[in-house]
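The exercises below ask you to work through one structure step by step. Attempt each task with the sequence and the coordinates open before you read its solution.

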Number of protein chains: 2
Amino acid sequence: MSSTAQLQPVLDRIDADFDSSLQRLFALLRIKSISADPANAGDCKAAADHLAKDIATLGFATEVRPTAGHPAIVAKADGGAKDSGRPHALFYGHYDVQPVDPLNLWHRPPFEPVVTDHADGRKIIVARGAQDDKGQLMTFIEACRAWKQVTGSLPINLTIVIEGEEEVGSKNFVPFLEANKHEFKADYAMVCDTGMWDPNTPAITTALRGLLYEEVWIKAANRDLHSGIYGGGAQNPIRVLTRILGGLFDDDGRITIPGFYEGVKDLPPEILAQWSKLNLTPDSFLKPIGLSIPAGEKGRLLIEQISSRPTCDVNGIIGGYTGEGSKTVIPAEASAKVSFRLVEGQDPLRIRKLFRDYVTSLLPKDCRVEFGDHSSGPAIALDWNMKPLAAAKRALTEEWGKEALLIGSGASIPIVADFKRTLGLDTLLVGFGLDDDNIHSPNEKYDLKSFHKGIRSWARILAALAEVPK
Amino acid sequence: MSSTAQLQPVLDRIDADFDSSLQRLFALLRIKSISADPANAGDCKAAADHLAKDIATLGFATEVRPTAGHPAIVAKADGGAKDSGRPHALFYGHYDVQPVDPLNLWHRPPFEPVVTDHADGRKIIVARGAQDDKGQLMTFIEACRAWKQVTGSLPINLTIVIEGEEEVGSKNFVPFLEANKHEFKADYAMVCDTGMWDPNTPAITTALRGLLYEEVWIKAANRDLHSGIYGGGAQNPIRVLTRILGGLFDDDGRITIPGFYEGVKDLPPEILAQWSKLNLTPDSFLKPIGLSIPAGEKGRLLIEQISSRPTCDVNGIIGGYTGEGSKTVIPAEASAKVSFRLVEGQDPLRIRKLFRDYVTSLLPKDCRVEFGDHSSGPAIALDWNMKPLAAAKRALTEEWGKEALLIGSGASIPIVADFKRTLGLDTLLVGFGLDDDNIHSPNEKYDLKSFHKGIRSWARILAALAEVPK
């Protein structure tokens with residue numbers, strides 16, 4: 001029997017079992033697997049063990065594998081018809097989540113998941129990781145579960161790998177991947193860590209911006225000073241830092257670092273024409289977050305600003321006295337975290353040098369600067385003609401009753417570059433996130449519909465992929 | 001017997017009793033009377049009780065008086081010759097201290113005072129408040145103690161008032177002063193909260209810069225955003241804040257706020273000529289703090305930059321993710337604490353309006369700004385001819401063997417304006433602080449010599465003042 005013929009009972013099973021799927025997601029969401037905080041190392045291990053135990057029940061040969069950081073899970077299962085020439089896919093997800101601060105802005109404890117009503121009536125799952133990436137990766141696991149339970153096997157050959165350090169740059173996972181690359185042979189990779197176009201329109205992401213994340217410390221006097229005694233005479237590192245960062249953009253919203261845009265190409269006219277017709281407007285995109293005016297480069301479409309153009313954001317800044325009340329201090333240092341979203345044609349290491357040169361060129365003689373590097377990865381343009389893409393697009397279109405779009409994403413998923421470089425694999429990026437999911441923010445959520453139809457979507461995609469020759 | 005004739009045994013007594021004086025200062029320094037932190041309210045009360053009990057032993061009628069904030073001490077004593085026409089002085093000090101953060105930069109616990117060796121061999125007292133203002137105010141109390149113990153009375157009539165909120169702007173003390181002004185009648189005020197010219201040269205401060213301390217919050221989106229999704233499209237309040245603050249100074253170090261320098265007068269040529277001869281150089285003033293280039297207005301003497309010119313410093317800034325590692329967040333808000341040192345001719349309320357107008361004028365349409373006001377007070381030019389000044393100058397010159405200088409100070413002591421406005425009193429500003437005392441910073445210290453000769457100086461000043469007719 002073909003996988004397509006077996007699909008309907010699998011979808012029925014998903015609907016019937018949905019409450020249990022939700023309970024399994026909740027169990028994972030309750031684990032405080034914040035990778036950035038060493039205090040949560042035990043929770044990360046617990047999340048890995050929990051997931052591995054669950055995946056093993058689906059017929060996968062499953063291992064929790066140590067890395068130099070938090071462990072990874074590696075699980076392998078043959079599709080039902082091993083010798084039928086069906087493809088082998090490598091599915092990737094991550095069980096680690098972002099820190100939860102500022103905690104006081106959460107309406108509920110971040111690790112006590114609930115289903116509740118969104119302001120506009122949508123049912124939503126609220127918890128840290130509800131979307132990124134626990135909710136998303138569980139759509140895939142639950143789809144596998146339904147196939148296994150209904151048909152006794154999976155439609156295609158699968159290797160699942162789930163890491164625990166995506167939110168801190170995968171610094172230990174990538175070496176693990178390189179050291180064990182013979183274990184990850186496959187025809188292509190699949191990742192569920194991206195978004196839909198809107199709550200009713202599915203999407204496959206075919207381009208990703210790169211990321212360069214820098215930290216910069218400006219240091220002046222050898223100690224904190226009293227501004228009444230030294231004010232006017234001694235250099236203030238906050239003054240220097242704000243001057244440098246405040247000068248990063250010109251009046252047209254362009255980044256002023258010399259050479260920053262070198263190699264950046266304009267969109268092909270046909271893509272630009274297509275994008276102009278999409279309904280991504282300040283009203284649809286910015287109004288829900290309380291804004292109205294696109295902040296990027298003047299003369300560019302909003303969709304260009306957020307997906308095809310390089311950007312810069314100061315993600316954090318601190319210096320001097322930041323407690324309640326006042327203190328007349330000139331601090332000895334001030335620092336900021338600055339990140340860049342990069343596009344095709346921009347080499348992260350070159351941009352790092354340009355940024356550091358820019359900062360250094362604006363440094364008064366009396367000050368010192370130190371730089372730290374958090375992560376970097378180039379932009380990715382995926383192959384729009386890769387074999388499984390058309391099948392996945394068809395499957396998504398069938399599930400959602402709306403043509404699935406091929407879109408570019410402003411976010412970075414650096415692992416996609418690593419899969420290409422290390423394993424030679426192209427990646428199929430399918431996900432069910434929405435712009436208002438508050439990922440990396442307080443009150444992260446995942447639409448209940450995203451979770452339910454996400455599981456159904458993967459069940460359909462697996463069936464469709466089984467029909468595509470390797 | 002005249003006060004002058006009684007002086008020598010008083011000075012001898014100070015020398016003989018110095019170890020006990022130090023122990024009494026240590027007892028006061030051990031009390032964690034940080035006025036800014038509500039958690040230390042009990043400590044502030046304890047410091048007031050402790051001081052009041054001590055002062056009462058010197059023959060003062062002493063009360064701990066409630067205010068709307070931390071309590072104040074009011075103590076009164078008649079000089080030995082009540083009807084002799086001797087003057088009545090109001091002495092002011094404060095028992096509260098600055099917060100101690102960053103605590104990790106202290107070499108010792110800040111509330112466990114010790115006498116130790118400075119790098120250059122000077123003996124120093126190290127603790128929060130060692131100078132500002134516990135050490136300084138105890139020079140006066142100990143001088144009174146010696147007079148009382150040796151002669152049985154004080155050379156002049158005295159009211160002592162010690163408040164507990166100077167470091168947070170005296171917001172409750174000033175109304176207390178106004179409400180009870182009949183209790184504070186005197187011929188002049190005296191404050192021990194200023195500095196010497198250098199470790200061997202005493203000084204009387206005759207001009208003080210004013211202070212305006214503002215807080216500014218820039219708000220953009222209604223929640224924290226993921227920079228991968230919104231970066232390039234959504235406004236970032238750190239970008240807005242750094243642009244505003246980074247533009248506060250032009251290339252010549254002048255403050256760019258329109259109208260800021262209006263009404264600011266240049267120094268009279270004779271004062272400028274006198275100041276040019278003083279040995280205040282980048283080498284003497286900036287080198288000890290690790291700097292070499294005056295950061296103020298180009299074309300001005302360093303001494304002008306730090307004492308007679310208005311200045312601006314960002315004392316604190318915070319926004320976004322400031323923990324370890326990285327987070328790709330666009331925060332919903334960012335804030336800064338900004339203070340201005342003002343000079344004669346600048347009205348703090350006008351400067352506040354100019355600053356707020358400046359910030360608002362640079363605000364993108366999508367952002368909101370909120371302002372907070374921490375404190376404000378105008379600059380003070382004291383009367384160089386006030387009666388007790390010559391006597392105090394003579395007494396200081398005798399004690400230190402070097403001509404006491406009349407200097408301007410960059411720091412603000414707003415109470416001086418309140419004494420003039422509320423009580424009609426001029427203030428004599430004598431203190432023994434040094435530029436390297438680290439007040440408001442980690443490892444605050446007071447030279448042992450400042451403390452010892454400070455007590456002796458006040459003993460001499462009291463004697464000298466007794467000879468000046470009311």
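Axes are lines fitted to C-alpha atoms, for helices over the stretch in contact, and angles run from 0 to 180 degrees between N-to-C directions. The model is predicted, so that local features need pLDDT of at least 70 and side-chain atom pairs count only at pLDDT 80 or more, while totals for chains, interfaces and linings use all residues. Residues are numbered from 1 along each chain as its sequence is written, and chains are lettered from A and ligands numbered from 1 in the order in which they are written.

**Exercise 1.** Describe the open sheet β4-β5-β18 of chain A and the helix that lies across β4, β5 and β18.

*Solution.* Start from the elements: helices (H or I, at least four residues) and strands (E, at least two) are DSSP runs numbered from the N terminus, and two strands pair if DSSP finds at least two bridges between them. In chain A, three strands in the order β4-β5-β18 make an open sheet with antiparallel pairing. Because β4 (114-117) and β18 (445-447) of chain A are at the edges with a single partner strand each, one side of each has no neighbour in the sheet. From one strand to the next, the twist averages 35 degrees. Next, take the pairing of strand β5 (residues 123-126) of chain A with β18(A), which is antiparallel over three bridges; Val126(A) has Lys445(A) as its bridge partner in β18(A). Finally, helix α14 (residues 448-466) of chain A lies across β4, β5 and β18 of chain A and runs at about 55 degrees to β18(A).

**Exercise 2.** Which residues have the most contacts inside the largest nonpolar core, and what does Ala459(A) touch?

*Solution.* A residue is buried if 20 or more other C-beta atoms, placed from the backbone, lie within 10 Å of its own, exposed if 12 or fewer, and partly exposed in between. A nonpolar core joins buried Ala, Val, Leu, Ile, Met, Phe, Trp, Tyr and Cys residues through C-beta atoms within 7 Å. The largest such core has 280 residues, and Ala459(A), Leu462(A), Ala459(B) and Leu462(B) have the most contacts inside it. With contact taken as C-beta atoms, placed from the backbone, within 7 Å, and residues up to four places away in sequence not counted, the residues that Ala459(A) touches include Leu7(A), Ile14(A) and Trp147(A).

**Exercise 3.** Work out how chain A and chain B meet, and what part β11 plays.

*Solution.* First count the residues: chain A gives 81 residues to the contact and chain B gives 82 residues. On the side of chain B that touches chain A, strand β11 (residues 311-320) of chain B gives the most, with nine residues. Then follow the strands across the contact, where β11 (residues 311-320) of chain A and β11(B) run antiparallel and are joined by five bridges. Ile318(A) is opposite Ile318(B), and Gly319(A) is opposite Ile317(B). Within chain A, eight bridges join β11(A) to the antiparallel strand β13 (residues 333-342). Ten of the ten residues of β11(A) are buried, so the strand is largely enclosed by the rest of the structure.

**Exercise 4.** What rotation superposes chain B on chain A?

*Solution.* Superpose the copies by least squares on the C-alpha atoms of residues with pLDDT of at least 70 in both. The result is a rotation of 180 degrees with 0.1 Å of shift along its axis, at an RMSD of 0.1 Å. The two copies are therefore related as by a two-fold rotation axis. As 99% of the interface residues of chain B are also interface residues in chain A, the copies meet through the same surface.

Methods
Contact = placed C-beta atoms within 7 Å.
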